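Thanks for coming. I will walk through one structure today, and the sequence and coordinates are on the screen now.

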Amino acid sequence: MTAPLVLFLAAVVVPVFFGRIRSAPFWLVVQAFALGWVGVAHHGSGSWHALAALAEVLVVRAAIAPQLLRRAIHRRAEPNGDLMPSNLFAWAIAVALIVLAFEFGAPDMGGEQATTLGAVAATVAVALLLLASNNSPAAQLVAVLFMENAIALFESLQPEPWPLPVHVALSTIYLLTVAVGGWLIGEPEGAQA
């Protein structure tokens with residue numbers, strides 16, 4: 001299960017260091033595929049629950065939400081800025097947060113669980129750094145969606161999968177977050193209705 005976690009973490013870290021705001025929907029799609037892969041690896045590919053959860057992740061997190069975000073970013077018509085400011089100080093803080101996040105998961109757990117907890121903690125820490133360092137509404141919405149994906153990844157640590165109504169509730173919250181956030185950021189500041 002290490003490969004999907006590495007893919008998920010790469011889809012969090014790479015856009016923060018090298019990504020632009022308009023590329024964020026692509027990275028959300030990559031995170032969604034990694035989440036689906038983690039879910040199937042953890043809960044088995046033969047169970048009905050795993051297949052329903054995989055379909056929910058692929059439809060909501062890999063198809064609908066990135067498309068809504070893409071539309072909102074294009075409607076806002078801002079310059080395609082960096083997701084996180086490109087300066088050595090911000091990058092040093094991000095690297096330190098990622099290292100500390102993995103140290104957070106290391107003492108109590110071993111192996112796969114520590115890696116998963118480290119990826120969850122690193123995603124939340126990086127998302128909080130994005131919220132603090134970028135005042136673009138689109139970048140802040142991306143940071144919130146990164147955190148919500150971290151919550152979904154945290155679910156894979158549970159010994160038993162959450163019931164399907166919980167998955168549906170989380171998907172609804174995710175879609176409401178991206179829909180309301182997209183509506184709020186969809187118009188450039190100063191545009192008159």
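I start with one residue, Ala 121, which sits in helix 5, residues 112–133. Keep in mind throughout that this is a predicted model.

Is Ala 121 buried or exposed? Its relative accessibility is 17%, so Ala 121 counts as buried, the cut-off being under 20%. Setting aside neighbours within four places in sequence, Ala 121 has contacts with Ala 101 and Phe 104. There is also a C-alpha separation to mention: Ala 121 and Ile 98 are 23 residues apart along the chain, and their C-alpha atoms are separated by 7.9 Å.

Past helix 5 comes the loop that leads to helix 6, and Ser 136 lies in that loop. Ser 136 has a relative accessible area of 9%, so this residue is buried too. Its contacts, again without neighbours within four places in sequence, are Ile 21 and Glu 78.

Now helix 6. It has 19 residues, and from first C-alpha to last it reaches 28 Å, close to the 27 Å expected at 1.5 Å a residue. Helix 6 is mostly covered, with 14 of its 19 residues buried.

That brings me to the largest nonpolar core. How many residues does it have? There are 49, and those touching the most other members are Leu 69, Met 84, Leu 130, Leu 145, Phe 146 and Leu 153. Helices 1 through 7 each give two or more residues to this core. Which helix provides the largest share? Helix 6 does, with 11 residues.

Take Met 84 from that list. Beyond four places in sequence, Met 84 touches a set of residues that includes Val 16, Phe 17, Trp 91, Leu 129 and Leu 130, along with Ser 133 and Asn 134.

Val 16 and Phe 17 are among the buried residues of helix 1, and so are Leu 5, Phe 8 and Leu 9. Helix 1 has 17 residues and spans 23 Å between its first and last C-alpha, close to the expected 24 Å.

Last, a helix pair. Two packed helices are described by the angle between their axes and the distance between the axes. For helix 3, residues 48–76, and helix 7, residues 164–185, the angle is about 5° and the axes are 9 Å apart. Angles under 35 degrees count as roughly parallel, so helix 3 is roughly parallel to helix 7. The residues of this contact divide into 16 nonpolar, 4 polar and 4 charged.

I can take questions now.

Notes
Residues numbered from 1 in each chain as written. Predicted model: local features only at pLDDT ≥ 70, side-chain atom pairs only at ≥ 80, totals over all residues. Heavy atoms only, no water. Axes fitted to C-alpha atoms, helices over the stretch in contact; angles between N-to-C directions. Helix = DSSP H or I, 4+ residues; strand = E, 2+ residues; numbered from the N terminus. Parallel < 35°, antiparallel > 145°, perpendicular 65-115°, else oblique. Nonpolar A, V, L, I, M, F, W, Y, C, P; charged D, E, K, R; others polar. Buried < 20%, exposed > 50% of the residue type's maximum accessible area, 1.4 Å probe, protein only. Contact = heavy atoms within 4.5 Å. Core = buried A, V, L, I, M, F, W, Y, C linked by side-chain atoms within 4.5 Å. Expected span 1.5 Å × (residues − 1).
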